[in-house]
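User: Hey, I've got a structure open and I'm a bit lost. Can you walk me through it?
Analyst: Sure, ask away.

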Amino acid sequence: MALRLDWALSVVVWLGALLLAAGLARRLALWRQGQPAPVAWSGLLAMPRRYFVDIHHVVAREPAIARAHVMTAGGAVAILLALGVNYGLMRYWPVLDVVTLACAVAMFAGAWQVRARRRAPPARLSRGSWNRLPYSLLLFAAGIALIMALFLLGPFALSRMFGRALAALAGIGLLLGGAELVLGIGIAGPMKHALAGLAHLAFHPRPERFGGRSTGLRPLDLRRPGLGVARAADFAWNRLLSFDACVQCGKCEAVCPAYAAGQPLNPKALIQGMVAAFAPGGPEYAGNPHPGQPQSSAGAVHADIVGSVLAAETLWSCTTCRACVEACPMLIEHVDTVIDLRRHIALNRGDVPGKGSEALANLRYTDTVGGHALAARHHWAVDLDIRVLGEGMNADWLLLVGEGGFDMRYQRALRALVTVMRRAGLDVALLGAAETDCGDLARRLGDEAGFQRLAATLIATLNRYRFAHIVTPDPHLFHCLKNEYPAFGGNFDVHHHSQLLAELIDRGALSLTAPASGGGSVTFHDPCYLGRYNGGFDAPRRVLRGIGVTVVEMPRSREDSRCCGWGGGAAFTDIPGARRIPDMRMDDIRASGAGRVVVACPNCSAMLEAVVGPRPEVIELAEWVAERLAVDVP
Amino acid sequence: MRYPHLFAPITLNRLTLRNRVVSTAHAEVYAEPGGLPGERYIRYYEEKAKGGLGLAICGGSSPVSADSPQGWWKSVNLATDRVIDPLALLAETMHKHGARIMIQATHMGRRNSYYGEHWPHLVSPSGIREPVHRGNAKAIEREEIRRIVADFASAARRVQRAGMDGIEISAAHQQLIDQFWSPRTNFRSDEYGGSLPNRMRFGIEVLTAVREAVGEDFCVGLRMCGDEFHEDGLSHQVLQEIAAAMSGSGLIDYLSVVGSGADTHNTLANCMPPMALPPEPFVHLAAGIKSVSSVPVMHAQSIRDPVQAERILASGLVDMVGMTRAHIADPHFMIKVRDGREDQIRQCVGANYCIDRQYHGQDVLCIQNAATSRESTMPHVIVPSTGPVRRVVVVGAGPAGLEAARVARLRGHEVVLFERDDHVGGQVALAAKAPQREQMAGIVRWLDMETIRLGVDRRLGVAARVDTILDEQPDIVVLATGGQPNVGYPAWGVAEGLAVCARDVLAGRVEPGANVLVYDGISGHAGFGVADYLASRGSLVEIATPDVKIADDVGGTTFPVFYRRLYAQGMIPTPNVWLERVYAENGKIIAVLRNEYTEQLEERAVDLVVIENGIVPADELYWQLKARSRNLGQTDIDALYAARPQPCLSESLSTDEFLLFRVGDCVSMHNVHGALYDALRLVKDF
């Protein structure tokens, strides 16, 4: 009797393995609908490190559920391995039964905590089959534990009626729970995340992000037909795989500024929309939809994504702030997805909403976002007697001012920056009318052709002149030059002004003799393209510390900072929502109790200063440094 | 981008201006004896440079020759080498702030007064007398022409040596050059008269000599008139011909155009258009000149608002805008525009207090900005006090009280402002009720907005009493309670209702009668204003005054505007009489007037007698509070006049002690400027 039960379990294990293989084959077939992509098989070797280091970074922000996950998933993996060895290979070693029992107990405890959370789940979590999952896991763990206990007790236990009844119950639990584990992967149950997640780690589309930072957009080959992603099948296969890794935890939803503003974008629903597009017929999505939009799971792999699984407004709501990417425990790249879809619209249909089309036309005709004369970019500098770099001239520091040069508010910051750099004895020059737009806006709005033209233009200009370093106060320009121009042959030593100012202060190059003005508390607003995109969290804080300013941090600061609403051209596409993102950010600032907020980006300064009504004062980093120099900023 | 045209640099010859806004040449009346710019002069201009202005052209009508006296207006004397060092300091100061500085040079010819300085014999093309300055002159001879042309060249060399950015030659307002141009003043039959080329000869000789003196690269401008508005004067068409010739000569780098001649009181009043005229009344003349000019054109006349300036530039009417009075009212105009603080600009209202003082040979002061030209002692930007935060109670929200509250708040104090009325403004709010004087309200509007912006605790509609004030536990009480009409003379019968005061009429508390006598004992703006108010509502108005003429004390650019209305409205001016008494008889009111010089009595039977006789201080609160205050209500005038803090401010007060001060009309009757200055100089050190 006992022996036959052993065999039965072996049969179950083999059956499970077969079903798992079949499910995996099905998923593989779905992923392979995508385009070929070069992947490094060495990713498989890197997987454990990526799992235990990179993912741990993210999930450790929520320790309770992380512990529960370790117990549940660790227990389950250990159980499956032990069963595979002990029963798959028909070894039947009691010692492994003991191990399996211990793992099942741990898994049960973990799943119990998961269940507890599911009883009053945060709004960001999906419901549906995800609410069933803890119970399936509990059944599985309980079933395994019971069976192992019975095996360990031996024939004595099973010879009793009670024991046999228990064994039958345990078997049913094991089968039901095990079905969730093995079938879920193939037919898109919640457990699909386990294998897809691991495979995603191995074949991640941005392997550079492990142990580093990879935030620059990938160049689009403009000679290949299609241009961007219209249908699910236009994605590379490992991008489709990445969507399958989603656990619908909604951490992206919780941090998305557009979602919070009631604009029609929910990053979780976006990713699930992609799943629906390449694997139609899966379980109904049971999470929050894109605000104001019906959630449709009726996708088809060869149908246009826009218009079937999501509306174009969803794409144009994104500020490309990367808060979602930063929050995602499965390391999914939402922003790349948005940009790929935008590229198709912008390059094939030119249907960029709001002022986006106008901005792109301006860039096409004037090389400026606002449609200005190029020389007007430096009108603010004519009375500063600052050199304009010409052929044959040499400068140590080239200051690129970006579109902020046209903004009268921001010109104050630029004048302050020039004043500070000069007081530090730096040899600084401008590019004059030769400075053209870096292409950030064009690229984020999907106009990759416009971006590549602008990048080539600016790179050619910069290559004509002799200078040692570039400094810019515009994080978007900084990001383009630093992270995206190398792909087009532009390699420059580029610094954000916060980094330069921090260095100047650290080495005592500035004599900060004037008293600081203001008083009252001060907070710092991290620009997305300096912070999350480039890890520039410390330099601006060092500057503020250096000039004697104590910063009261907002809860949403550094990696968790909330976008001002400008990025990704969102200020241009201007998709309506229930609130405005900068208003929400100003509320964050108010809640900190600060009377002043320091910014380090021309766009943040424009967005926050445009908040109407009484509000904390917005001051640019360089302005405050200049204030401490005891010199009039002309 | 906001104001893309206003902030677009422009290059004149080699001179690049950071924006299109210019403080054009005007007589400042600040030069030190001998016609040298001193500290006051330089700081007055420096403030504009700090404030973001592109170009200042200083030294309105700075003479190049000794027979063009400068003493009347204390202008800069370009006829001496001693001017070089002070001009060099001025230029250096302006450049430090990124602004450019030029100076105007001229020979005024007959537009001057001979009785002073060297007692010169003034020169003019044909020796025609100039009426405004009583400028008797002789006909200029060829030798004198050559001397003066050489003087222009010497002056230009001095300007260039000082490091100034350029020189502007004046041929506007009937200076010697345009006296040659104008058929009103040039009846010569030699090569300097007759045909237009002959009449332009002197000007071309001057410009040629100046250009030779300074070389190719130095900015030389020419200021000219766009239409003299005289039947026998220069018409716009002729001036277009002149402008085409001058700009086509290659000798100048820009033209600056003003509308109106200036050799009569009435035309001169147009030159600095007062508030009665519409905005930018003569920009069409500048645009007409621009249409024939081959060099950029500048224009200044009632351009006071940044949006207006941007519109004028954007529509291509001119290339540069002069905003001269705008900068007298607020030298920080441009940085406020640049930084999006337009609402904080103290906007010129065209009250012409500045130019009306200059007309009398007094230094230019701004009616609404007491810091202007007092930069050495009075701050344009009030910095917070480093001392204790005080509780300051201000009573009265007229100009003095509003300014006291504003400045005290900027010093960082807690400020409570009581005002009996439900609105702010005091007497200025009434002054704005007179026809074509509406813009006076702009003075109050700025103070109103600033006190709100700064968070002054304003209690409008609250008549403060002693206990109201003491309940606030003040450290300092500033009384700015103004005054009551000075109509208590019993024979006038105001108490009996036989006569009313001007204030009641302007406030709408009195119905206009059909036949009205306005008696003006002051000859300021109020008396004529109330007469005009009544005439505009259909009253037949006689305005009587003991002064030598109606509205005698309003200044040279204001009385012509009043007189235009006086005659157009059919008002009857009766100067040189005193109001003896008023009584009622047969349903009519009889006013008895006594002639100052004959002592003869005259009677008027009218429906209404309106009296404007200034004010007596409203000082009840002062007398009630005086004994309780630590300083017994006394202001240390030595400290006040020296712009030092009041000594009592450094004494420590016990909790129920307070300091008491008075500012403005509640001490004795002053004007708007006096009220603001009282408040600023006292409160800046709180």
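User: How many residues of chain A are in contact with chain B?
Analyst: 14 residues of chain A are in contact with 13 residues of chain B. Being in contact means that the C-beta atoms of two residues, placed from the backbone, lie within 7 Å. The chain A side divides into six nonpolar, four polar and four charged residues. Here Ala, Val, Leu, Ile, Met, Phe, Trp, Tyr, Cys and Pro count as nonpolar, Asp, Glu, Lys and Arg as charged, and the others, Gly among them, as polar.

User: Anything I should know about the model and the labels?
Analyst: The model is predicted: local features need pLDDT of at least 70, side-chain atom pairs count only at pLDDT 80 or more, and totals for chains, interfaces and linings use all residues. Residues are numbered from 1 along each chain as its sequence is written, while chains are lettered from A and ligands numbered from 1 in the order in which they are written.

User: OK, which domains is chain A divided into?
Analyst: Chain A has domain 1 (2-202), domain 2 (216-349), domain 3 (359-506) and domain 4 (522-627). Those bounds come from an automatic or database domain assignment. Between domain 1 and domain 3 of chain A, the C-alpha centres lie 54 Å apart.

User: What's the strand order in the five-stranded sheet of chain A?
Analyst: The order is β1-β3-β2-β4-β5 in an open sheet with parallel pairing. The edge strands, β1 (387-388) and β5 (494-496) of chain A, each pair on one side only. Strands (E, at least two residues) and helices (H or I, at least four) are DSSP runs, numbered from the N terminus. Two strands pair if DSSP finds at least two bridges between them.

User: Can you show me one of those pairs?
Analyst: Take β2 (residues 394-399) and β3 (residues 428-430) of chain A: they pair in the parallel sense over three bridges. One partnership to look for is Leu399(A) with Leu430(A) in β3(A).

User: And which helix lies across β4 and β5 of chain A?
Analyst: That's α20 (residues 475-484) of chain A, which runs at about 155° to β5(A). Axes are lines fitted to C-alpha atoms, for helices over the stretch in contact, and angles run from 0 to 180 degrees between N-to-C directions.

User: Switching to α25 of chain A: why is it called largely enclosed?
Analyst: Seven of the eight residues of α25 (residues 602-609) of chain A are buried, so this helix is largely enclosed by the rest of the structure. A residue is buried if 20 or more other C-beta atoms lie within 10 Å of its own, exposed if 12 or fewer, and partly exposed in between, with C-beta atoms placed from the backbone. The buried ones include Pro602(A), Cys604(A) and Met607(A). Among the elements they pack against are α17 (408-423), α20 and β7 (596-599) of chain A.

User: What's odd about the phi of Met90(A)?
Analyst: Met90(A) has a positive phi of about 55° although it is not a glycine. Most residues other than glycine have a negative phi. Met90(A) sits in the loop between α3 (63-88) and α4 (94-119) of chain A, and with 13 C-beta neighbours inside 10 Å it counts as partly exposed.

User: Now chain B. How is it divided?
Analyst: Chain B has domain 1 (15-359), domain 2 (391-484 + 617-683) and domain 3 (487-613). The C-alpha centres of domains 1 and 2 of chain B lie 40 Å apart, and nine residues of domain 1 are in contact with nine of domain 2. On the domain 1 side, the residues divide into five nonpolar, two polar and two charged.

User: Does α15 of chain B have an ordinary length? Or rather, what span should it have?
Analyst: At 1.5 Å a residue, the 13 residues of α15 (residues 441-453) of chain B should span 18 Å, and the end C-alpha atoms are 18 Å apart, which agrees. The expected span is 1.5 Å times one less than the number of residues. Buried residues of α15(B) include Trp446(B) and Leu447(B).

User: Last one: which strands are at the edges of the three-stranded sheet in chain B?
Analyst: The edge strands are β22 (577-585) and β24 (601-606) of chain B. The order is β22-β23-β24, with antiparallel pairing. Six bridges join β23 (residues 588-595) of chain B to β24(B), and Ile589(B) has Val606(B) as its bridge partner in β24(B).
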